[in-house]
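Welcome! Let's look at how a few structural labels are earned, one at a time.

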Amino acid sequence: MSVGAEAGDAGPGAAASIVAELRAGLGDACSTDPAILDAARADKSGHRSTTAPLVVVTARSIDDVQRTLRIAHRHRVPVVTRGAGTGLAGGSIASEGEIVLSTVAMDRILEISVADELAVVEPGIINAHLNAALEPHGLWFAPDPASKAISTVGGNIATGAGGLLCAKYGVTREAVLGLRVVLADGTLMSLGHRSVKGVTGLDLTALMIGSEGTLGVIVEATVKLVPLPTGTTWTIGAWFADVQAAATASAAITAARLRPAVMEIIDQRAAEIIGEYLSTAVDAAPGTALGARRGAYLLVQTDGPASEVDAAAARTVIESVGGTAELTSDPREGEALLAVRRAFHPAMEAHGTVLIEDVAVPRSALPRMFAEITRIEGEYGIPIPTVAHAGDGNLHPNFVFEGDTVPDRVWEAAGALFQAALALGGTLTGEHGIGILKKRWLGDELGSEQLDLQRGIKAVFDPLGILNPGKVLT
Ligand SMILES: Cc1cc2nc3c(=O)[nH]c(=O)nc-3n(C[C@H](O)[C@H](O)[C@H](O)COP(=O)(O)OP(=O)(O)OC[C@H]3O[C@@H](n4cnc5c(N)ncnc54)[C@H](O)[C@@H]3O)c2cc1C
């Protein structure tokens, strides 16, 4: 029997006494308000648990986190750590018998060191709020998920978040120097370092990044900062007859040793859905005239001192493979070209519940992965509008359906996508994580020996299996 099942089966008396003990230790940080419990049943994955958790503890300090975990450990009660709940893999979804440990209220910036180009933050700070505080110093925390205005830095680290700028500025893994982490039994650990270099012992900071709440609770992060790019930003919006041509152009731009800050592909289906949305949306960016356009879209943005030269070189590559490019350094026009990509999520959500998939392949395999998506669409009779962070080979094929439960047929098509990505030397998830939604395919990528090794590592950190049971490695 899993620990989660034991706690879930704890019965009303045991559950009430656990809540009473939490209240005695943590006071009004604990809530059993049905609306708050209900909100913890879902994230943004389109998935929702069938039952509500026991209690939500909104920690205000490391001490609160330690107290919660000590009580949970003593009673062997599962703990689901939660940031802003914007995850797309079901990682922060909680069910009956589980304690939700929210870190959103731990949102202070503890230090900004301009000399060392680092910041020390609590996990609940919103990514964009940190960057707003860094801007006057000419510095920047580079991980840039499209959810930066609503997701926490702790959640970004726990998922290993990516975003639009990774090919040039790196993923979250490259931006974390050290962490303070509370383990399952309440022990506080300091991992990593403040120095640029540091190779003492095993790299447990790296192990925590992308661990999705299964190894410990991140209560503080020392993050690496980079100088804000200077100079004029150039933006290219390019149209192609089909997505293979757009993917060929993006692969050729990378092969030409160009490193755009942004390089995004929108396939034909997705471009049509965005066009329809922008023609009716009240908040559509002015100048975004997609109505008459047909085909696949490639968005390229260059920044830094060589921005203009790089943009001209990228345009030459685009035109050499048959693309039609618009190029601008005007911020308003650049924003309008970017708005096309930004409109994708709201445009999809206007059609129903959205399952956003997240496979990554080597960049040179992008055209073949798009061909596989077309094949799978035909085989399963399901449209799969797709956008891709083309600079790093990360594709987001999307499925739209009615209701809260992903239909079996959609999972079958998604399973075929995962197999195709693996066959091309890719991976099940480039940035969203495994959570609940992809755990059944984990062994296909890792193999049984590595899966066992990873489960053994999880057991060392969390011998009772109380941290986010049922997710990732379970
Ligand atoms: C519109 C939209 C756009 C998005 N765009 C991107 C994108 O471009 N790139 C990208 O990578 N993701 C994207 N996401 C997904 C999501 O925003 C990221 O995964 C984000 O990092 C999650 O942060 P969060 O604070 O919401 O974490 P949550 O959703 O609350 O939690 C996510 C996981 O992290 C764990 N966790 C959270 N906080 C902690 C902590 N303090 N300690 C230990 N574990 C913790 C949870 O247990 C869970 O497993 C997008 C989501 C939306 C809705």
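Q: How do you know that no salt bridge links domain 1 and domain 3?
A: A salt bridge needs a side-chain nitrogen of Lys or Arg within 4 Å of a carboxyl oxygen of Asp or Glu. Between domain 1 and domain 3 the count is 0 salt bridges. This is a predicted model, where local features need pLDDT of at least 70 and side-chain atom pairs count only at pLDDT 80 or more, while totals for chains, interfaces and linings use all residues. Residues are numbered from 1 along each chain as its sequence is written, and side-chain values use heavy atoms, with hydrogens and water left out.

Q: What makes up domain 1 and domain 3?
A: Domain 1 spans 3–105 and domain 3 spans 234–423; such bounds come from an automatic or database domain assignment.

Q: How do you know that domain 1 and domain 3 are in contact?
A: Contact means heavy atoms within 4.5 Å, and 5 residues of domain 1 are in contact with 5 residues of domain 3.

Q: What is the area buried between domain 1 and domain 3?
A: Buried area is the accessible area (1.4 Å probe) that two parts lose on being put together, summed over both. Here that comes to about 400 Å², with carbon and sulfur atoms giving 50%. Gly46, Arg48 and Leu88 supply 72% of what domain 1 buries against domain 3.

Q: Why is Gln66 called buried?
A: Buried means under 20% relative accessible area (1.4 Å probe, protein chains only). Gln66 has 12% relative accessibility, so Gln66 counts as buried.

Methods: Buried means under 20% relative accessible area, exposed over 50%, partly exposed in between (1.4 Å probe, protein chains only).
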